[in-house]
Structure formats: structure tokens, C-alpha cells
Amino acid sequence: MPDTEKITVPKNTEKWLFLDTTPGEAEATYGRLGKGVTAATPSNNPTVQTQHYIDASAPTHSVSAIEKQFALTMERYVGDAANDWLASLDDKTGDALKSTLVVVDLTADASASVATAYPAKKYEIVVGLDQPYSVEGGATQAMSCTIYTNGDPTEGWFDIEDMAWSD
């Protein structure tokens, strides 16, 4: 009997990222990363432990931790909440760079109780603004940053319409 399993190739528009643009406030205000962002590339940066036992000709490896980072390549897009918040980090240090990032998977089924809520992971983050702007003749202002996650993510649901997180 032929294999009837549906194979899907996810598009770039099926993984949404949201930044809390008001960190430190009682309630998060999320802005979607999108306008001006040309690439958001996650890296797991695994911590690999290597053991080479005396009874083996090759070592054994295991992954003991993940140090996830997101590299953002973007252009300045004034008026977009997430882009404006990232641009505001120029010359800042310490707690001013902390926030939360929510990664939403739109390829998964929505919640049975809220049609616009999808499975998501929420990360506590710190942002390193690598390039706050560039000024080149005939070009837009480019920006780049690295988002570093702190600790393990929290799994839950994110309502993409109301921009609200729930566990």
C-alpha cells in the first residue's frame, strides 16, 4: 500500500517571534519581529561532553546543555514596536537589555479553546546590539543583534491575535 502521509515543508512565515517591548512592566507588551528583519537565525550552541574510554577506539559524546542564541540581521524600520525597542538599546548595558522572547510554531495545531493560540516557547533573554546602525551611501540603515537566552524555555500557548501568553 502506498505511503499516504502528508509531508509539509514549513515556510518562513510559519515561525513567528515576539519581543516584550516593555520589559519590567507588570504586563508584557509584545511586538512581532518582522518589519525590517531579513533573518532571524537560531543557534543551539550545544555543550558537548566527550569521554574516551580505554576499551574503545573512538570517543563517546553527549550533549549536556543548550545555549540558544538568535542572530538578527535587519534594517531600521521606524514605527515598528520590536524594531524600535531594539534600536533603543544603543549604548545600554545591564538590566536594560533584558526582556522575553516568544517563538510561536504556526505549523502546529491551534488550541482547542482559542483558535488563534498556538504552541510556543518563551525565553528570558538579554540582547547584545552588535551593530546599532550603519550609514552607507544609497543604503538603508542596517542593524544586527544577538539575542541570548537565559535558562530553559517555558512551554505554553501564544495568542497571535491578542498577543498574549498563557501556560
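I will go through the nonpolar cores of this chain, then one serine in a loop, and finally the largest pocket.

Please keep in mind throughout that this is a predicted model.

Let me begin with the largest nonpolar core, which has 20 residues, and in which Leu19, Leu33, Leu86, Leu101, Val127 and Ile147 are the members that touch the most others. At least two residues of this core come from each of β1 (15-20), β6 (69-75), α1 (81-87), β7 (98-105), β8 (117-131) and β9 (142-159), and the biggest contribution, 4 residues, is made by β8. If we take valine 127 and set aside its neighbours within four places in sequence, its contacts are Trp85, Leu86, Leu89, Leu97, Cys145, Thr146 and Ile147. There is also a second core, separate from this one, with 10 residues, among them Phe18, Val102, Leu106 and Tyr118.

Turning now to serine 134, which sits in the loop between β8 and β9, is this residue buried or exposed? Its relative accessible area is 11%, and because that falls under the 20% cut-off, serine 134 counts as buried. Not counting residues up to four places away in sequence, serine 134 touches Thr140, Gln141 and Ala142.

That brings me to the largest pocket, which holds about 570 Å³ of space and is lined by 24 residues, with Asn12, Lys15, Trp16, Leu17 and Ala40 lying nearest its centre. Two or more lining residues are given by each of β1, β2 (30-33), β3 (37-43), β7, β8 and β9, and β3 supplies the largest share, namely 5 residues. Sorted by class, the lining of this pocket consists of 13 nonpolar, 5 polar and 6 charged residues.

Note on methods. Residues are numbered from 1 along each chain as its sequence is written. This is a predicted model: local features need pLDDT of at least 70, side-chain atom pairs count only at pLDDT 80 or more; totals for chains, interfaces and linings use all residues. Side-chain values use heavy atoms; hydrogens and water are left out. A nonpolar core is a set of buried Ala, Val, Leu, Ile, Met, Phe, Trp, Tyr and Cys residues joined through side-chain atoms within 4.5 Å. Buried means under 20% relative accessible area, exposed over 50%, partly exposed in between (1.4 Å probe, protein chains only). Contact means heavy atoms within 4.5 Å. On a 1 Å grid over the protein atoms alone, a cavity is a set of points where a 1.4 Å probe fits but cannot get out, and a pocket is an open set with protein on both sides within 12 Å along at least five of seven lines; lining residues have an atom within 4 Å of a point. Grid points are joined across faces, edges and corners, and a volume is the space filled by probe spheres set on the points. Ala, Val, Leu, Ile, Met, Phe, Trp, Tyr, Cys and Pro count as nonpolar, Asp, Glu, Lys and Arg as charged, and the others, Gly among them, as polar.
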